[in-house]
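User: I'd like to learn how to read a structure like this one, feature by feature. Could you take me through it, with the general idea each time and then the case at hand?

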Amino acid sequence: MAHDDKPTREQAEAAVRTLLRWAGDDPLREGLLDTPKRVAKAYQDWFSGYGEDPADYLKRTFEEVEGYDEMIVLRDIEFESHCEHHMAPIIGKAHVGYLPDGKVVGISKLARVVETYARRLQVQEKMTAQIAQVIQDVLHPRGVGVVIEGAHECMTTRGVHKRGVSMITSKMLGSFREDARTRAEFLQFIDVGPGR
């Protein structure tokens, strides 16, 4: 959608009132009067990733690392996203690792990349691939690994109503894909799964 076609705040709030009526309630009752405004504000926060370019966070790198060329791993990056099928929350953790090739990036920037993609309507598999690919494209490391664990509310609150289920997705590029030892070291570092 072109930016010019973006609905106004008033149109967004009117759409929320329509959904409230469709759900069977009265948007004019006292408890719901401010709900459209609150929902529009929440959407601005939940979907702020559309206004950001994750590549920008990776462009400021450090090259004075005294020849450090071992794996860098940031694990347990908590995120909140929304699935593009039902707009229901996906709550989880991302684990990101890479083998630098002369350039490293501040660790907070890796967390910002995860957050930017999470704050869009998502499919977990796509989000996993997007995070790995932008790190590969901007930093040109020897390898990248991304593992995401997510709990999908579209599955726990509707449909099959299965609680306690988490989905794990991974994307390995470069040496993380080609070298079993590198991949094993990464997976050992992040120690994914119950009981850790």
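Analyst: Gladly, and let's begin with one pair: the side chains of Thr116 and Glu52 are joined by a polar contact of 3.0 Å. A polar contact is a pair of N or O atoms within 3.5 Å; within protein, one must be able to donate a hydrogen and the other to accept it, and residues adjacent in sequence count only if both atoms are side-chain atoms. Keep in mind that this is a predicted model: local features need pLDDT of at least 70, side-chain atom pairs count only at pLDDT 80 or more, and totals for chains, interfaces and linings use all residues. Residues are numbered from 1 along each chain as its sequence is written, and side-chain values use heavy atoms, with hydrogens and water left out.

User: Is Thr116 buried or exposed?

Analyst: Buried means under 20% relative accessible area, exposed over 50%, and partly exposed in between (1.4 Å probe, protein chains only). Thr116 has a relative accessible area of 1%, so it counts as buried.

User: Where does Thr116 lie, and which residues does Thr116 touch?

Analyst: Helices (H or I, at least four residues) and strands (E, at least two) are DSSP runs, numbered from the N terminus. Thr116 is part of helix H4. Contact means heavy atoms within 4.5 Å. Not counting residues up to four places away in sequence, Thr116 touches Gly49, Glu52, Pro54 and Tyr57.

User: What does the side chain of Thr169 make a polar contact with?

Analyst: The partner is the side chain of Thr128, at 2.7 Å. Thr169 sits in strand E7, residues 167-174, and is buried because its relative accessibility is 9%. Leaving out residues up to four places away in sequence, Thr169 touches Gln124, Glu125, Thr128, Val146, Val147 and Ile148.

User: Let's step back. How many helices and strands are in the chain?

Analyst: The chain has eight helices and seven strands. Taken along the principal axes, its C-alpha atoms fill a box of roughly 65 × 40 × 25 Å. Of the 196 residues, 37% are buried. Among contacts between residues at least 6 apart in sequence, 69% join residues at least 24 apart.

User: Which residues touch the most other members in the largest nonpolar core?

Analyst: A nonpolar core is a set of buried Ala, Val, Leu, Ile, Met, Phe, Trp, Tyr and Cys residues joined through side-chain atoms within 4.5 Å. In the largest one here, with 32 residues, Leu58, Tyr98, Ile131 and Ile135 touch the most other members. Several elements supply at least two residues each to this core, including helix H3 (54-58), strand E2 (72-83), helix H4 (107-118) and strand E6 (143-152). H5 gives the most to this core, with seven residues. Apart from this core lies another, of seven residues, among them Met71, Leu99, Val147 and Met172.

User: Which residues is Ile131 in contact with?

Analyst: Leaving aside neighbours within four places in sequence, Ile131 is in contact with Val96, Val113, Val114, Tyr117, Val146 and Ile148.

User: Now the backbone. What should I look for in phi?

Analyst: Most residues other than glycine have a negative phi, and that makes positive values a feature to look up. Asp76 has a phi near 60°, a positive value in a residue other than glycine. Asp76 lies in strand E2 and is partly exposed because its relative accessibility is 26%. His140, also not a glycine, has a positive phi of about 50°. His140 belongs to the loop between H5 and E6, and its relative accessible area of 48% is why it counts as partly exposed.

User: How do I relate separation along the chain to separation in space?

Analyst: Compare the two figures for a pair. Lys37 and Val114 are 77 residues apart along the chain, and their C-alpha atoms are separated by 28 Å. Lys37 lies in helix H2, residues 35-46, and is in contact with Arg9 and Glu13, leaving aside neighbours within four places in sequence. For Ser48 and Arg17, 31 residues apart along the chain, the C-alpha separation is 22 Å. Ser48 is found in the loop between H2 and H3 and touches Tyr43 and Arg119, not counting residues up to four places away in sequence.
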